[in-house]
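Colleague: I should be grateful for a close look at one part of this model, with its surroundings treated in as much detail as the coordinates allow.

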Amino acid sequence: MGNGKSKQDDRGADGFSSNAAGHYNPNEAAEILCGGYSSSRLELSFSCKDLIKGDTFSKSDPMVVAYQREGNGSLSEFARTEVISNNHDPKFVTRGFITYNFEENVTIVLEVYDVDSKHVKGGDSKSLRLPNENLLGGCQCQLADLARSRNITRKLMSAKGQET
């Protein structure tokens, strides 16, 4: 004989069962962690260290542009940081936001540019035409690696495939 309660009655307001200590059934833990969805919104922050000198008479004025590689190989920009003047070790305030679908293999491409200060006003980089700027280097990684780690470091590679 049971206690007269159905399995459904053992579930909390969130629809998941738990024991007296408040621990969830291990089979339901993954669904709880994922919020019942197979995707999550990630917030990415960017910084650089020991950037090469892109300007002749001063330090670089860097900014980061973040892309998602699409299925057809094209790049889709999803974030662009502010420009930080005269800094080889910038920590950017602007964050990038991207949706991570657990079942998709997504490549993220990052490019760091040295911006000519006459092209930007007040650190705003949104209207910059990238072909007018000096590409310091780029790197790529898998979005899944970013989702699993709190901090990932990559060396920048030049357009010729050399470390910068």
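My request concerns strand β2: how many bridges join β2 to β5, and do the two run parallel or antiparallel? Please set the answer in the context of the sheet and of the rest of the chain.

Modeller: Seven bridges join β2 to β5, and the two strands run antiparallel. The model is a predicted one, and the description below applies to it as such.

One bridge between these strands can be named at the start of β2: Pro62 has Asp114 of β5 as its bridge partner. Strand β2 comprises residues 62-69, while β5 comprises residues 107-114.

On its other side, β2 is joined to β3 by five bridges, and this pair is antiparallel too. Two of the partnerships can be given by residue. Val65 is paired with Arg80 of β3, and Tyr67 with Glu77 of β3. The two strands form a hairpin in which five residues lie between them. Within that turn, Gly73 adopts a positive phi of about 95°.

These pairings place β2 within an open sheet of four strands, whose order is β3-β2-β5-β6 and whose pairing is antiparallel. The edges are occupied by β3 (75-80) and β6 (134-142); each has a single partner strand, so one side of each is left without a neighbour in the sheet. From one strand to the next, the twist averages 25°.

The burial of β2 may be considered next. Six of its eight residues are buried, so the strand is largely enclosed by the rest of the structure. As a background figure, 31% of the 164 residues of the protein count as buried.

Strand β5 carries the sheet onward from β2. Eight bridges join β5 to β6, again in an antiparallel arrangement, and one position in this pairing is Val109, which stands opposite Gln140 in β6.

A residue of β5 shows how these strands meet at the level of side chains and backbone. Leu110 lies in strand β5, and at a relative accessible area of 17% it falls under the 20% cut-off, so it is classed as buried. Apart from its neighbours within four places in sequence, Leu110 is in contact with Val64, Val65 and Ala66, and also with Phe46, Gly137, Gly138 and Cys139. Val64, Val65 and Ala66 fall within the range of β2, residues 62-69, and Gly137, Gly138 and Cys139 within that of β6, 134-142. The C-alpha atoms of Leu110 and Cys141 are separated by 8.6 Å, although the two residues are 31 apart along the chain. For the protein as a whole, 61% of the contacts between residues at least 6 apart in sequence join residues at least 24 apart.

The loops on either side of the hairpin also deserve mention. Before β2, the loop between β1 and β2 contains Asp50. The phi of Asp50 is near 55°, a positive value in a residue other than glycine. Most residues other than glycine have a negative phi. With 56% relative accessibility, above the 50% threshold, Asp50 counts as exposed. After β3, the loop that leads to β4 (96-101) contains Asn86, which likewise is a residue other than glycine with a positive phi, here near 50°. Asn86 counts as partly exposed, at 44% relative accessibility.

The strands beyond β2 also take part in the largest pocket, whose volume is about 1100 Å³. Of its 32 lining residues, the closest to the centre are Ser47, Asn151, Ile152, Thr153 and Arg154. The elements that give two or more residues to this lining are β1 (39-44), β5, β6 and α2 (143-148). By class, the lining holds 18 nonpolar, six polar and eight charged residues.

Finally, the overall plan: the protein has two helices and six strands, and from the N terminus its elements follow the order α-β-β-β-β-β-β-α. In summary, β2 is joined to β5 by seven bridges and to β3 by five, and six of its eight residues are buried.

Technical notes
Residues numbered from 1 in each chain as written. Predicted model: local features only at pLDDT ≥ 70, side-chain atom pairs only at ≥ 80, totals over all residues. Heavy atoms only, no water. Pairing = 2+ DSSP bridges. Axes fitted to C-alpha atoms, helices over the stretch in contact; angles between N-to-C directions. 1 Å grid on protein atoms, 1.4 Å probe; cavity = no way out; pocket = protein on both sides within 12 Å on 5 of 7 lines; lining within 4 Å. Points joined across faces, edges and corners; volume = space filled by probe spheres on them. Nonpolar A, V, L, I, M, F, W, Y, C, P; charged D, E, K, R; others polar. Buried < 20%, exposed > 50% of the residue type's maximum accessible area, 1.4 Å probe, protein only. Contact = heavy atoms within 4.5 Å.
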